[in-house]
Amino acid sequence: DCTFSGDRVALVAVKMVGEYVCTLSEELLQRAKEEINEVPERRADDIEHIRDWLKHQPHITARLDDWTILRFLRGCKFSLQRTKEKLDMFYTCKTLCPEWYKNRDPQDKKIRAILELGIMLPLPGYDHLGRKVFIGRWGAYDPKEVSVDDVNRASIMISDIMADEDEQCTITGSVMVGDSEGMTMAHVAAFTPSLIKKSMVLWQEGYPMRPKGLHYINTPAAFDTVFNIFKSFMKEKMRKRVHIHGTDMESLYRHVPKSVLPVEYGGTNGTIEEITKYWIERLDARRDWLLEDEKYVVDESKRPGKAKTSAELFGLEGSFRKLNVD
């Protein structure tokens with residue numbers, strides 16, 4: 001399926017309104033059992049357990065629909081304890097990163113201009129292993145005109161809508177292709193260690209994503225500087241899934257087939273322009289959801305025990321002794 005499916009969007013709309021309606025094939029349900037411990041007969045009870053727990057957290061205002069809770073359960077392989085920790089961390093990160101989670105209006109002029117650059121795009125369909133592939137074009141904006149915070153905000157808007165509309169990737173996971181073409185020292189300077197740590201904490205601790213691979217292409221000399229900092233905050237499991245291909249596209253194709261890549265990358269799966277247009281249309285269609293999403297946060301003054309702070313979660317103290325990782 002390398003086309004954009006309106007059917008999936010309709011099915012997701014059903015899931016979001018009320019009770020979860022499964023859209024998975026028998027094969028994917030089997031994978032869910034084997035890989036993430038999903039037991040269909042127990043699914044509703046697990047969702048209800050987490051929903052009840054959320055209702056009793058005085059500091060968290062959370063989405064309580066089946067689908068949102070199920071995504072977190074799947075991302076935590078149905079460990080109830082890990083799901084609770086991840087949900088708490090997710091809403092905490094959202095609250096402590098207003099620069100990425102506030103003012104997420106796809107029709108705002110500044111955000112619209114960034115979205116039109118197609119910096120971060122989930123690609124239509126799936127790869128040969130059924131995984132969702134994203135492409136990040138990290139050199140596609142002018143760092144003198146656009147802040148990294150705004151790029152992150154626009155990118156997270158897209159990934160949040162994709163995650164909400166794509167059930168398959170909750171089972172199969174995702175792959176990121178990072179294209180560094182056009183990256184300059186000005187881009188590198190904008191990726192401060194604190195910004196990098198914040199994004200790594202958010203993605204690794206707060207999101208129920210299942211990242212299966214990170215592939216970097218067109219890497220300039222400046223890339224190593226940023227990448228070594230990213231690597232220092234990566235979990236060991238993730239480090240093992242990193243591949244740096246330089247300009248060797250054949251090397252990339254061994255992991256990410258041409259059938260899922262855009263034309264500009266030697267693939268057959270639409271153009272960057274078409275894919276960018278599709279995601280802008282999806283964000284426009286989900287504008288109300290994005291705007292309403294701001295209210296799902298934590299209130300640290302009501303947290304049982306000690307309140308969490310940005311310094312505690314994203315602070316760099318003690319981190320730099322890890323930076324000489326090879």
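Mentor: The radius of gyration used here is taken over C-alpha atoms, and the globule rule is 2.2 Å times the number of residues to the power 0.38. This is a predicted model, in which local features need pLDDT of at least 70, side-chain atom pairs count only at pLDDT 80 or more, and totals for chains, interfaces and linings use all residues. Residues are numbered from 1 along each chain as its sequence is written, and side-chain values use heavy atoms, without hydrogens and water.

Trainee: What radius of gyration does the protein have, beside that of a compact globule?

Mentor: The C-alpha atoms fill a box of roughly 50 × 45 × 40 Å along the principal axes. A compact globule of 326 residues would have a radius of gyration near 20 Å, and the protein agrees with this, at 19 Å.

Trainee: What percentage of the residues in the protein is buried?

Mentor: The protein has 17 helices and 5 strands (DSSP runs of H or I, at least four residues, and of E, at least two). Of its 326 residues, the share that is buried (under 20% relative accessible area, 1.4 Å probe) is 55%.

Trainee: Which residues lie nearest the centre of the largest pocket?

Mentor: A pocket is an open set of points on a 1 Å grid with protein on both sides within 12 Å along at least five of seven lines, and its lining residues have an atom within 4 Å of a point. The largest pocket has a volume (the space filled by probe spheres set on the points) of about 1,400 Å³. Its lining of 46 residues draws two or more from each of several elements, including helix H5 (80-96), helix H8 (148-165) and helix H11 (193-206). Nearest its centre lie Met200, Trp203, Gln204, Pro211 and Met238.

Trainee: How many residues in the lining of the largest pocket are charged?

Mentor: The lining has 28 nonpolar and 8 polar residues, with Gly counted as polar. The charged class, made up of Asp, Glu, Lys and Arg, contributes 10.

Trainee: Which element gives the largest share of the lining of the second largest pocket?

Mentor: The second largest pocket holds about 160 Å³. Among the 12 lining residues, Lys197, Val201, Gln204, Glu205 and Phe233 are the closest to its centre. The largest share, 5 residues, comes from H11.

Trainee: What is the volume of the second largest cavity?

Mentor: The structure holds 4 cavities of 30 Å³ or more, a cavity being a set of points where a 1.4 Å probe fits but cannot get out. In the second largest, Arg71, Phe90, Asp160, Trp289 and Asp293 are the closest to the centre among 13 lining residues. Helix H4 (66-75), H5 and H8 each give two or more residues to that lining. The second largest cavity has a volume of about 120 Å³.

Definitions and conventions: Buried means under 20% relative accessible area, exposed over 50%, partly exposed in between (1.4 Å probe, protein chains only).
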